[in-house]
Structures are given as C-alpha cells and as structure tokens.
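Please open the model in your viewer and keep the selection tool at hand. The tour proceeds stop by stop, each beginning with a selection and continuing with what is found there.

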Amino acid sequence: MEKRPFVTLEQLQEIVKDYPTPFHLYDERGIRENAGRLRKAFAWNKGFKEYFAVKATPNPFILKILKEEGCGTDCSSLTELMMSDACGFCGTEIMFSSNDTPPEEFQLAHDLGAIINLDDFTHIRCLEETLGKLPETICCRYNPGGVFKISNDIMDNPGDAKYGMTTEQLFEAFKVLKAKGVKYFGIHAFLASNTVTNEYYPMLAKVLFEVAVKLQRETGADIRFINLSGGIGIPYSPDQEPNDIMAIGDGVRKVYEEVLVPAGMGDVALFTELGRFMLAPYGCLVTKAIHEKHTHKEYVGVDACAVNLMRPAVYGAYHHITVAGKEDKACDQVYDVVGSLCENCDKFAIDRKLPRIEKGDLLIIHDTGAHGFSMGYNYNGKLKSAELLLKEDGSVDMIRRAETPQDYFATFDFCDVMGKYGEQGERNP
Ligand SMILES: *Cc1c(COP(=O)(O)O)cnc(C)c1O
C-alpha cells in the first residue's frame with residue numbers, strides 16, 4: 001500500500017519557521033480515530049480496556065489524548081508510573097507489567113492502586129515482603145515456551161524470552177496466591193512482537209483462554225480479566241498489508257465464544273497493552289537534508305541521527321521515507337540516508353530509491369510515533385529533539401522542548417561547563 005505522510009510540505013514549511021528540525025511530529029486526529037477503531041473492534045466485550053504501553057511514547061500530552069479515548073496505561077518503571085499518576089490515571093486504570101522489578105516500583109504501583117502483573121513466581125514473595133500483604137487482585141504473566149507459530153511461520157520465540165512463568169509455575173502461583181488470600185486474578189502473555197497478521201491475537205487468545213479455563217477448574221481462582229498485551233504490528237514497509245483491527249476483534253470474539261463462554265466464563269474482561277499499533281503510524285521524524293556526499297556510494301546527510309530514532313541502526317528496521325513535496329516524483333536515485341554519529345550503523349536508509357534530494361529538502365521518516373523518540377539516547381553528546389503535536393484544527397503545539405546543552409551537562413557536578421556558555425550554547429566572552 002502506498003504510504004502517504006499525514007503532513008504536507010506547505011504545513012511543514014510553516015512549522016519549521018517556529019521549530020527547527022529535527023523533530024517528531026504526532027497526528028492527533030490519526031491517534032483518536034485509530035483508538036476509536038480499537039474500541040469498536042472490541043465493543044462486544046463488556047470490560048474491554050486498552051492500557052497504552054507508556055514506554056512506546058512517554059509523553060503526557062499523548063497520554064491525555066488516549067485517556068480521553070478511554071485508555072489506561074501500562075507501565076514498566078517508576079517514572080512511567082509517576083507520569084501516569086500525574087496525568088490523572090488512577091487505580092485500575094494503570095497496569096504495572098514490569099520484569100526484574102525493583103521493590104520500590106512494586107510499592108509505588110500498589111500505592112497508586114495499579115493492577116500488578118507478576119513476571120515470575122519468586123515475585124510473589126518479593127511483593128509480599130515489600131507490601132506486607134498481597135493486593136486483592138493480581139495478574140500473572142504466562143510464557144508457554146517453545147516457538148509461536150502461525151501455520152508454518154515462526155512469529156517469535158517465547159522459549160528464548162526472559163518474560164513470564166512456565167505453565168507449571170503459573171498453576172502453582174495461582175494456588176499459592178489464592179491460599180494467601182488473593183481474591184481476583186488476571187492472566188497476561190506477550191508472545192510475538194510487531195505481528196502484521198490478523199491471526200496473532202486470536203491465536204494468542206486461544207492459548208490464554210484455554211489455560212484460563214484449566215486454571216479456574218484446577219485452582220478455583222476467580223479470573224476477572226485476560227490481558228492480550230502488545231504485539232499487534234504495523235506495516236512499516238509499503239509492501240505489507242496492514243492489520244484489520246475489526247477482523248482481529250472478531251477473531252478474538254469467536255475464540256471467546258468457543259472457549260470461555262461454554263466454560264461459564266463469559267464475563268471475563270479483555271485487556272490490551274498496545275503501544276506500536278496505537279501510535280507508530282501517527283508520528284513521524286522530520287529532518288532536513290544538510291549534506292550530500294559522493295564517494296563509493298551516494299549519501300544524503302540529514303540533521304537527525306540514530307539518537308532520534310534508533311530502530312534502523314539497532315534492528316536494521318525499515319522506516320519509509322518521503323521527501324516532502326516530492327511525493328509524486330519518480331524515485332530514480334539510490335541513496336544512503338545517514339546521520340552524523342561516529343557509528344556506521346547510523347543510517348536511516350540504505351540503497352533506498354528516492355527522488356533527487358537537494359540540500360534543504362525536508363525528509364519525513366514515517367512510523368516513528370512509537371518506540372521512536374522514546375528509545376532515544378545521548379551518544380556522541382547528541383541532544384534529543386522536540387516533540388510536536390499536529391492538532392485536529394491544524395495548529396501545532398510543542399509537547400516537549402528539544403534538549404539544550406544545559407540539559408546534557410546537568411548531571412555533572414564536576415566542572416562548570418555552562419558557566420562558559422549561554423543558553424543557546426553561545427560561548428561567553
Ligand atoms: C512493550 C510492551 C508492550 C507494547 O508492545 P507493542 O509492541 O508496542 O504493542 C505491551 N506490554 C508489555 C509488557 C510490553 O513490554
């Protein structure tokens with residue numbers, strides 16, 4: 001499918017008058033419409049709730065939009081819990097799905113009334129020691145091991161993943177938790193990442209629903225919800241067929257009616273913890289071409305680099321690139337599009353067919369709305385960019401300012417670098 005950016009050259013030319021490149025830009029309308037589609041796809045389930053995976057796009061303005069669309073948050077760390085709290089998410093609107101969890105994070109999750117999702121059997125003891133008493137409701141994360149296949153395609157390798165409890169441990173955990181007075185239970189599993197198929201969720205649902213029925217029969221646990229977690233992917237590349245969320249919702253409903261309803265479990269709520277599906281297509285990284293280089297290959301150098309978006313450098317991930325205003329020009333050039341890090345993996349695209357790029361052109365790197373800005377880092381002393389929100393009325397808000405050199409030096413207590421420089425990084429006389 002052709003990939004068109006959600007922003008035009010004319011809009012970008014206005015935006016760059018106020019905000020220098022590079023920046024991440026998010027599309028409020030796209031986010032809201034997509035959240036609405038997800039709600040609709042699971043409207044058949046009375047307790048359905050999406051807990052947005054905060055790690056994908058940890059920005060309070062984005063969380064607020066999602067809250068208005070009925071979402072909760074899925075947190076994996078202390079600061080994500082703090083941000084959820086500050087954005088007004090409370091109690092069971094917060095899911096705490098973490099692993100290798102420090103005790104103080106369990107404590108804050110509990111203080112906020114969040115649902116705690118235990119990654120391991122030994123965490124029962126840790127949680128009990130931390131809180132003094134186990135909460136009324138607990139979720140356990142399941143990892144059946146092996147490989148996760150759809151037909152003959154291996155989707156992912158849960159047997160190799162550090163997350164979750166084995167089948168045996170899961171049953172034992174439910175028995176122990178019940179004996180210790182836990183009243184309500186949930187089950188969670190995340191078995192494949194970035195799946196671009198309508199089959200993943202229904203297949204995962206079948207695994208979880210069947211284990212839920214067995215758990216209830218064997219332990220008598222009152223299972224209130226099943227958390228299908230993240231993993232619904234997006235078509236990063238134009239040759240991929242996008243997921244059809246209505247078909248996914250319908251596929252899960254069929255399994256629900258096949259497995260849970262006959263077992264008398266037709267009131268179990270379904271939760272999701274989607275990150276990528278909720279945000280990735282509704283964000284892009286806008287960067288300017290600042291150099292061209294003709295050596296053994298043709299290079300275009302841009303003012304963003306892997307610290308702004310590390311997926312291509314780390315995973316070799318494909319991110320589509322559009323040259324703003326040249327959407328309909330022939331892609332008759334072949335470029336490596338590179339950033340300025342002293343790392344040869346700092347390439348947004350390799351051997352990419354693109355229209356001829358001139359210095360000053362604005363490049364739109366697609367699908368950076370999730371696991372984009374949030375994975376950023378400060379290697380080579382590079383500073384993180386701003387995040388901007390394109391609102392439904394077409395105006396633009398800055399929802400996070402760009403880092404300044406002061407921010408970068410703020411954690412040193414060694415020499416007064418900023419005494420020598422002004423706010424904009426200009427050297428004092
Ligand atoms: C990362 C993560 C998610 C979100 O994954 P996506 O691939 O972005 O949908 C959900 N739940 C947990 C526990 C995660 O670690």
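**Salt bridges along the chain**

Select aspartate 222 and arginine 224: their side chains meet in a salt bridge, with 3.0 Å from N to O. A salt bridge here is a side-chain nitrogen of Lys or Arg within 4 Å of a carboxyl oxygen of Asp or Glu. Aspartate 222 is partly exposed at a relative accessible area of 27%, and arginine 224 is partly exposed at 41%. The accessibility classes are buried (under 20% relative accessible area), exposed (over 50%) and partly exposed (in between), computed with a 1.4 Å probe on protein chains only.

This is a predicted model, in which local features need pLDDT of at least 70 and side-chain atom pairs count only at pLDDT 80 or more, while totals for chains, interfaces and linings use all residues. Residues are numbered from 1 along each chain as its sequence is written, and side-chain values use heavy atoms, with hydrogens and water left out.

Next, select lysine 297 and aspartate 351, whose closest N and O atoms are 2.9 Å apart in a salt bridge. Lysine 297 lies in the loop between strand S12 (283–294) and strand S13 (298–302), and aspartate 351 in strand S16 (residues 347–354), so the pair ties together parts that are 54 residues apart in sequence. Helices (H or I, at least four residues) and strands (E, at least two) are DSSP runs, numbered from the N terminus. Lysine 297 is partly exposed, with a relative accessible area of 27%; aspartate 351 is also partly exposed, with 45%.

Move to glutamate 2 and arginine 4, another salt-bridged pair with its closest N and O atoms 3.1 Å apart. Glutamate 2 counts as exposed at 57% relative accessibility, whereas arginine 4 is partly exposed at 45%.

For a network, select Glu28, Arg32, Arg39, Lys64, Glu68, Glu69 and Glu392, which salt bridges link together. How many salt bridges does the structure hold? The total is 25.

**Strand S5 and its partners**

Select strand S5 (residues 115–118) and display its side chains. Ile115 and Asn117 point one way, Ile116 and Leu118 point the other way, and all are buried.

Add strand S4 (residues 94–97), which pairs with S5 in the parallel sense over 3 bridges. Two strands count as paired if DSSP finds at least two bridges between them. Methionine 95 stands opposite isoleucine 115 in S5. With helix H5 (residues 103–111) included, S4, H5 and S5 make a right-handed β-α-β unit. Right-handed means that, with the strands pointing away from the viewer, the path from the first strand over the helix to the second runs clockwise.

Then add strand S6 (residues 137–141), which runs parallel to S5 and is joined to S5 by 3 bridges. Here isoleucine 116 stands opposite isoleucine 138 in S6. The chain crosses from S5 to S6 through helix H6 (residues 123–131), and this β-α-β crossover is also right-handed.

**The two sides of H6**

Colour H6 by accessibility. Which residues of H6 are buried? They are His123, Ile124, Leu127 and Leu131. These residues cover an arc of only 110° around the axis (taken from the directions from the helix axis to the C-beta atoms), which puts them on the same side of H6. Arg125 and Glu129, on the other side of H6, are exposed. The buried residues of H6 pack against H5, S5, S6 and helix H7 (167–179). Glycine 132 follows H6 and has a positive phi near 85°.

**Loops and backbone geometry**

Select glycine 146, in the loop between S6 and strand S7 (148–150). Glycine 146 is partly exposed at 45% relative accessibility. Its C-alpha atom is separated by 5.9 Å from that of proline 158, 12 residues apart along the chain. Leaving aside neighbours within four places in sequence, glycine 146 is in contact (heavy atoms within 4.5 Å) with Asn157, Pro158 and Gly159.

Continue to threonine 21 and proline 22, joined by a cis peptide bond with omega of about -5°. Proline 22 is in the loop between helix H1 (9–18) and S1.

**Confidence**

Finally, colour the chain by pLDDT, the predictor's confidence in each residue from 0 to 100. The mean pLDDT of the chain is 96, and 100% of its residues reach 70 or more. Among the elements, strand S8 (residues 153–156) has the lowest mean pLDDT (87) and strand S1 (residues 23–27) the highest (99).
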